[in-house]
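Student: I am new to this structure and would be grateful for a close look at one part of it. Please choose a single residue and describe its surroundings in a connected way.

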Amino acid sequence: MRLSRRIVAVLLLIVAGCADSPPTEFYTLSNMQLPPAGLSPPRTVVGVGPVTLPDYLDRPQIVTRASGNRMMLAPFDSWVEPMDGMFTRVLLENLSSLLATDNVVSLPQRRPTPLDYQIEVDVTRFDADHSGRAVLDARWRVFGEDGNRLIEEGRSTIVEPAAGPDSYEDIVAAMSRALGEMSRAIAGTIEQHRSG
C-alpha cells in the first residue's frame, strides 16, 4: 500500500512538472522568395546529390555553439523534419527558382535520368553561434555530361547575422538565408557554363 502511494506521488510530480514546461516550438528552413520567372527548356535537368551533413545535425533539436567546443541543444525548439532531407529539399527549391527550371531532381532517382548537371555538396558546419550568427560551411562540386565531367569545385563559407540573437525563429531565418547564398553560388556556376 505504501509503495503504491509513492508511485502515485512520483507520477503526480512528473505530470505537474510537464504541465509547467513550455510547449515545444517547431521550425523549418525556408526557400528563397524570388519573383516567378519563365522556365527554361525542359531539356535542362539538374540532379542534386549526394548531400552530406555532419552527424551532430542528425537530431530534432536546433543546435547552437555556446563557445569554443561546447554545443547546446535547444530544450524546446526543434526541427519539424530531419535536417538532411529538409536541407536538400530547400536547396532543390532554391536552384529551381534561380535556374528557372522545374527539372531539378534529388539523387539517386528510382529510374535513371540523363542529367545535364549534377551537384554534390559536403556540409561541414551549419549552425548558429552564441551571438546568433548563422554559419554555413560547405564544399560543392558541379559536374556536367551526366555527372562524368567536373566543371567546378567551390567552397561556400557564409555568415548571416540573425535579427534577434535570442530568437530561434530569427536564427532559422538566418540559416535559410545562408543556404540561399550557397544556392546562388552553385546556380551562378551553372548559368556561367550554360551561357559559355
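**Phenylalanine 126 and its surroundings**

Tutor: In E7, alanine 134 is the bridge partner of alanine 128. The model is a predicted one, and this pair introduces the strands around phenylalanine 126, which lies in strand E6 (residues 117-128). E6 and E7 run antiparallel and are joined by 11 bridges. Together they form a hairpin with 5 residues between them, and glycine 132 in the turn has a positive phi of about 90°.

Phenylalanine 126 counts as buried because its relative accessibility is 0%. Beyond its neighbours within four places in sequence, phenylalanine 126 is in contact with Leu29, Tyr56, Leu57, Met83, Phe87, Val135, Leu136 and Met175.

Strand E7 (residues 134-144) is mostly covered, with 10 of its 11 residues buried. On to strand E8 (residues 149-160), E7 is joined by 11 bridges, and these two strands run antiparallel. E7 and E8 form a hairpin with 4 residues between them, where glutamate 145 in the turn has a positive phi of about 55°. Valine 135 stands opposite valine 159 in E8. From phenylalanine 126 to valine 159 the C-alpha distance is 10.0 Å, with 33 residues separating them in sequence.

The contacts also lead to two helices. Met83 and Phe87 are among the residues of H2 that meet H3, and Met175 is among those of H3 that meet H2. The axes of helix H2 (residues 83-99) and helix H3 (residues 168-195) come within 9 Å and cross at roughly 45°, which means that H2 is oblique to H3. The crossing of H2 past H3 is right-handed. By class, their contact has 13 nonpolar, 3 polar and 3 charged residues.

Note on methods. Residues are numbered from 1 along each chain as its sequence is written. This is a predicted model: local features need pLDDT of at least 70, side-chain atom pairs count only at pLDDT 80 or more; totals for chains, interfaces and linings use all residues. Side-chain values use heavy atoms; hydrogens and water are left out. Buried means under 20% relative accessible area, exposed over 50%, partly exposed in between (1.4 Å probe, protein chains only). Contact means heavy atoms within 4.5 Å. Axes are lines fitted to C-alpha atoms, for helices over the stretch in contact, and angles run from 0 to 180 degrees between N-to-C directions. Angles under 35 degrees count as roughly parallel, over 145 as roughly antiparallel, 65 to 115 as roughly perpendicular and the rest as oblique. A crossing is left-handed if the near helix is turned anticlockwise from the far one by less than a right angle, and right-handed if clockwise. Ala, Val, Leu, Ile, Met, Phe, Trp, Tyr, Cys and Pro count as nonpolar, Asp, Glu, Lys and Arg as charged, and the others, Gly among them, as polar. Two strands pair if DSSP finds at least two bridges between them.
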